[in-house]
Amino acid sequence: MLFGESGPLGGAAWTAPTVRSGWLQGLRSLAQHPGALRFLADCGAVDTIFSLQGDSSLFVASAAGQLLVHILALAMRGPAEGHPSPQGCDWPACAQKIVCHVEDSLRSTATLQVTQALNVLTTTFGHCHSPWTQGLWVRLSPLVACLLEKDPIPASHSLVDLLLSVARSPVGSSDCGLWETLAQTLSHLSPTQAGPLALGILKLQDCPQALKTQAFGVLLQPLACVLKAAAQAPGPPGFPEGATGDSITVDTFLSSKSACVGLLCQALAHLELLQLLPQRPSPWPQAPLLRAAVAILRFCHGSAAPTSDVGGHLCAVLAGCVRVQRAALDFLGTLSQGTGPQELVTQVFAVLLEYLTSPDSSPMVLKKAFQATLRWLLGSPKAPSCCDLDPHTQLFLGELLPVLRKRLCSPCWEARDSGLEFLTQVTRHWGGQAAFRHALLASEVPELTGQLLRDPESYVRASAVTATGQLSSWGLYATPTGPEHPEVQQESLFTELLHILSTDSEGFPRRAVMHVFTQWLKDGHADVAEDLEQFVARVLQAASQDLDWEVRAQGLELALVFLEQLLGQPGSRCPYAVALPEAAPPATLAQVLQALCRVQLFEFALRALFDCDRPVAQKSCDLLLFLKAKATPCGGPQEAGASPDVVSVEAALQRWQAGEQGQPLGELEPEAVMAVLRSMDLEGLRGMLAKSSDHMEKSPQSLLQDMLATVGVLGENEADCY
């Protein structure tokens, strides 16, 4: 039996999801051949695909729907690809059968069948852009519109997906009643259901302005309700016409806590996305959005003073709600890209300070509050007559730094970590601002940051490493020393970070140290400029012995920066760094090679060529190819033939390739190193490393075979491994 109720195989094997999926894959391949469509229609294969749309395996059900779209598109090729009539009298029999099945499913009272039909149509309009799709929409749009008359509307999520898929297709540019259907859908769906549709409409490039205004009003309604509930005096919320909170939105707020929280979070997330789009509505209601975000945060914090029943309800529902707090803080941070009255900006900083200070702020909320604060600080205006911070920002900074100091001493490690991340970012941007430097140095924050290098939590140690490295780059960090040992100050932070790199048991702090050292080398940091070669040699020696591949890979990045600087190609420098002279001429190739040998960079790179972690080997190969390319056109040192150095290096390479460690090579002669590099096929090695070990086994067919084999091993305990 080829096709039937018990499946194409007519036996127990059909019960395995992988078997059904494999049959669908084979059918898709079969459909590519001439004459296959007649075979599929005559032998009942399409009927079997219809039944598989409701399969218990989501993968099988999805594959069945996609296969129906594929067969429909193939059937409509050729003579039917022009502008066939909507009635379908001139459509191929196979296409007629599929469309009739979709029509029957749309009329069904079962939500599952409606969902299946809508999903098939969504895929069709998303992938098929031929003229026949316009006739398909004209034929099926009345049935789709009829879904809006049902209560509740079935498969609302799938309905939204379909309408947006049609609007993005060529059908959207034709006059076929689509915009009217979208407008009706916006008004029929609940506020929560209408949100994704409204956002999708506002993302469309070509859309009637009236529809966009309606969609924007849908997104703004929840925030309009919040503003109305928080208003101390009657008056309009300041949103565009059509965005006032209607009774349906108020009813949603009052229906349950989950409905209220879900609607608010959805509205905030959608407006946050919309704020970043070039096609966002204009004018953008920046001021009322700021007021709404601040009001929501105050409702959550318990500092709002409601004057209505809805306001009292919001106070009770939103108090301490972490989910809404996170969404509101994210949205408030995004609004920092716009402008607002100084009075509102002051309110923004006040509510942020409330959250940073409050002991009730959860670790995630505190992190979001720090992130939003950073965005508002960096977006604040400069003083009129200079490049320093404006007075309002300086005043807030004076209130903020004591809070930051307290958070760095928090018993909660997430709070310490968030505070350090904030300090790193604000220092990176404001390290050169006189007002910031003065306030920071007077706050004891740098000293506390140094103490956190020995924090018991590895994440905090890593963040402290990054923060102290940034502070030191701007001349804002100094290790406190007693009067009896003033000489300890000289090595200071570099020695402590090198100790962390060599001894810390966790990978995160060691990786952070390597990133700091690399940045110091790029910037010409004082600890680097004091003895450049000793700095590089000590760092590479520690990195070469590290078991973490990311540390070794970052060591190669540092080595590349060192090489580029020797060749006269330095990167950007920090203005507060004590650097080598900018006008220093590039060294000759012989001098470069000698310096590389003195810091034992070659041994580090050659060992890394055979590293068991491919990213390390790839970075090493790229580094050596870069050097080889620079040396060849310059007429570098001649090959050293079969000198003892060359023989020892080649022997070491063979040992390393075999997985042996071997003894260090020590300081090599440049001629020997270049001779070895010229004899190596680095280009071939790079090509081999670029291919994954399983690149021959990653085809879909191979993966399917692996899955089927797995199910075969599982036997009776088979699972849907898709």
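These legends accompany close-up views of helix packing, cavities and backbone geometry in a predicted model.

**View 1. Packing of helix α4 against helix α5 in the predicted model.** Helix α4, which covers residues 58–75, packs with α5 at an angle of about 140 degrees, and the two axes are 8 Å apart. The two helices are therefore oblique to each other, and their crossing is left-handed. On the α4 side the contact is made by Leu68, Ile71, Leu72 and Ala75, while α5 contributes Cys94, Ala95, Ile98 and Val99. Sorted by class, the residues of this contact comprise eight nonpolar, no polar and no charged.

**View 2. The second largest cavity, with its lining from α5, α6 and other parts of the chain.** This cavity has a volume of about 40 Å³, and the structure holds two cavities of 30 Å³ or more. Its lining is formed by Leu72, Ile98, Val99, Val102, Val120, Leu121, Thr124 and Leu136. Two or more of these lining residues come from each of α5 (93–107) and α6 (111–127). By class, the lining of the second largest cavity divides into seven nonpolar, one polar and no charged residues. Leu72, Ile98 and Val99, which belong to this lining, are also among the residues that make the contact between α4 and α5.

**View 3. Packing of helix α6 against helix α8.** The axes of α6 and of α8, the latter covering residues 156–168, come within 8 Å and cross at roughly 20 degrees. That angle makes α6 roughly parallel to α8, and α6 passes α8 in a left-handed crossing. From α6, the contact is made by Thr115, Leu118, Asn119, Leu121, Thr122, Phe125 and Gly126, and from α8 by Ser158, Leu159, Asp161, Leu162, Ser165 and Val166. The contact of α6 with α8 has six nonpolar, six polar and one charged residues by class. Leu121, one of the α6 residues in this contact, is also one of the residues that line the second largest cavity.

**View 4. Backbone geometry in the loop between α7 and α8.** Asp151 and Pro152 are joined by a cis peptide bond, for which omega is about 5 degrees. Pro152 is placed in the loop that runs between α7 (132–146) and α8. Ala155 is likewise found in the loop between α7 and α8, and Ala155 has a positive phi of about 50 degrees although it is not a glycine.

**View 5. The largest cavity, with lining residues from α10, α11 and α13.** About 60 Å³ of space lies in the largest cavity. The residues that line this cavity are Pro191, Gly195, Val218, Leu219, Gln221, Pro222, Thr249, Leu263, Gln266, Ala267 and His270. At least two residues of the lining are supplied by each of α10 (191–203), α11 (209–230) and α13 (257–275). The lining of the largest cavity, taken by class, has six nonpolar, five polar and no charged residues.

**View 6. A cis peptide bond in the loop between α13 and α14.** The peptide bond that leads from Ser282 to Pro283 is cis, and its omega lies near 5 degrees. Pro283 has its place in the loop between α13 and α14, the second of these helices covering residues 286–301. Helix α13, which borders this loop, is also one of the elements that supply at least two residues to the lining of the largest cavity.

**View 7. Packing of helix α25 against helix α27.** The axes of helix α25 (residues 507–523) and helix α27 (residues 532–544) come within 12 Å, and they cross at roughly 160 degrees. That makes α25 roughly antiparallel to α27, and the crossing of these two helices is left-handed. The contact is made on one side by Met514, Phe517, Trp520 and Leu521 of α25, and on the other by Leu532, Phe535, Val536, Val539 and Ala543 of α27. By class, the residues of the contact of α25 with α27 divide into nine nonpolar, no polar and no charged.

Methods
Residues numbered from 1 in each chain as written. Predicted model: local features only at pLDDT ≥ 70, side-chain atom pairs only at ≥ 80, totals over all residues. Heavy atoms only, no water. Axes fitted to C-alpha atoms, helices over the stretch in contact; angles between N-to-C directions. Helix = DSSP H or I, 4+ residues; strand = E, 2+ residues; numbered from the N terminus. Parallel < 35°, antiparallel > 145°, perpendicular 65-115°, else oblique. Left-handed = near helix turned anticlockwise from the far one by under 90°. Contact = heavy atoms within 4.5 Å. Nonpolar A, V, L, I, M, F, W, Y, C, P; charged D, E, K, R; others polar. 1 Å grid on protein atoms, 1.4 Å probe; cavity = no way out; pocket = protein on both sides within 12 Å on 5 of 7 lines; lining within 4 Å. Points joined across faces, edges and corners; volume = space filled by probe spheres on them.
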